[in-house]
Amino acid sequence: MRRCLITLLMFFSGVASGVVLAGYYDGTEGLSGDALKAKLHSIIDGQKPLKYTQSGNTDWYDGKKIDVWEALVYTDSACPDDAPKCGLVQMLYLDEARHINQANRGKSNNDSWDREHVWPKSRGFKKQSQDGYTDLHHLRPADRNINGAHSNYGYDMGGDPFYDTLGDGSKVFSGTYVDKTNESFEPTDRAKGQIARMIFYMASRYEAGDDASPENMPDLIILDSNEKQSGQPSIGDLCTLVKWNEEFAVTDFEKRRNDRVQELQGNRNPYIDHPEFVDAIWANKCS
């Protein structure tokens, strides 16, 4: 029954619900700080994980054997409403779309796109059996080369400009910056607010106590610094991310994407629905 419902919603109507279920955030009224974060965790806990790559899934529009590839074609679709199967996917960092045929499935061409883990998987969940590995709320289609430049760095302002190599071999400034000394990455303005809200989601979704099966996840922590990556489940920079959430408002694309992710895995990103929750939890922790 669930598969039939998803198929109907995704591949025939092509239109997201656009509605937050009534009462979804009941119990958050008047809360702040750790109490609000704990309440949000209880609300968004326990999503339905997808397979990262499903064997035999060759049709990304049929609603069968849905894996992360197929899910992103839906959640990040750049197709018009009257042609929902046009094959175009919106890139995270760039104001452009790429075709599903350009997905990086072993070819690694300069114009291909990856499944970017916005919270790098090396920071706490290297195994596909861990729920964070396939959590759609932080998985985004991204240019292969920019994804590689991001590496597993945290987020901050500054660094050296990164020049992307295009399909024809020419190079162009990507709008991103990489600071190898600070081990930080500055994304484009179009992505900053989105990244901040995805990082805050991850830090709320995966808390102490989620280490048992089937989640197998550590407590993800946002630090007010960009410490050298050591495999610990932490990332920075807290105050930079708080600022990005404030300066770059939630977009219609984020709202639509939040609806579609909920259709597939059953939970929402609270910081898209209520960006003010970020300040209520984290603003007073900034130094």
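Long-range contacts, one disulfide and a loop asparagine

Among contacts in the chain between residues at least 6 apart in sequence, 66% join residues at least 24 apart. This is a predicted model, and the distances and areas that follow are computed from it.

The overall dimensions come next. The chain has 287 residues and a radius of gyration of 18 Å, which agrees with the value near 19 Å that a compact globule would have. Along the principal axes, the C-alpha atoms fill a box of roughly 50 × 45 × 35 Å. The secondary structure consists of 9 helices and 10 strands.

Turning to the surface, 52% of the 287 residues count as buried. The accessible surface amounts to about 12500 Å², and carbon and sulfur atoms account for 51% of this area. The chain carries 33 positive and 44 negative charges, and the mean positions of the two sets lie 6 Å apart.

The cysteines can be taken one by one. A disulfide is a covalent bond between the sulfur atoms of two cysteines. A search of the whole structure finds 1 disulfide, and the residues joined are Cys79 and Cys86, with an S to S distance of 2.1 Å. The angle about the S-S bond is -95°, and the link of Cys79 and Cys86 is left-handed. The two partners can be placed by their accessibility. Cys79 has a relative accessibility of 8% and therefore counts as buried, the cut-off being under 20%. Cys86, at 27%, counts as partly exposed because its value falls between 20% and 50%. Two further cysteines can be read against these cut-offs. Cys239 counts as buried because its relative accessibility is 18%, whereas Cys286, at 27%, counts as partly exposed.

The last stop is Asn226. This residue is found in the loop between strand S9 (221–222) and strand S10 (234–235). Is Asn226 buried or exposed? Its relative accessible area is 12%, so Asn226 is buried.

The contacts of Asn226 show what surrounds this loop residue. Leaving aside neighbours within four places in sequence, Asn226 is in contact with Gly154, Tyr155 and Asp156, with Asn182, Glu183 and Ser184, and with Gly236 and Asp237. Lys180 gives a further reference point: Asn226 and Lys180 are 46 residues apart in sequence, while their C-alpha atoms are 11 Å apart in space.

Notes:
Residues are numbered from 1 along each chain as its sequence is written. This is a predicted model: local features need pLDDT of at least 70, side-chain atom pairs count only at pLDDT 80 or more; totals for chains, interfaces and linings use all residues. Side-chain values use heavy atoms; hydrogens and water are left out. Helices (H or I, at least four residues) and strands (E, at least two) are DSSP runs, numbered from the N terminus. The radius of gyration is taken over C-alpha atoms; the globule rule is 2.2 Å times the number of residues to the power 0.38. Buried means under 20% relative accessible area, exposed over 50%, partly exposed in between (1.4 Å probe, protein chains only). Contact means heavy atoms within 4.5 Å. Accessible areas come from the Shrake-Rupley method with a 1.4 Å probe; for residues, only the protein chains shown count as cover. Lys and Arg count as positive and Asp and Glu as negative; His and the chain ends are not counted. The place of a charge is taken as NZ of Lys, CZ of Arg, CG of Asp or CD of Glu. A disulfide is a pair of cysteine sulfur atoms within 2.5 Å.
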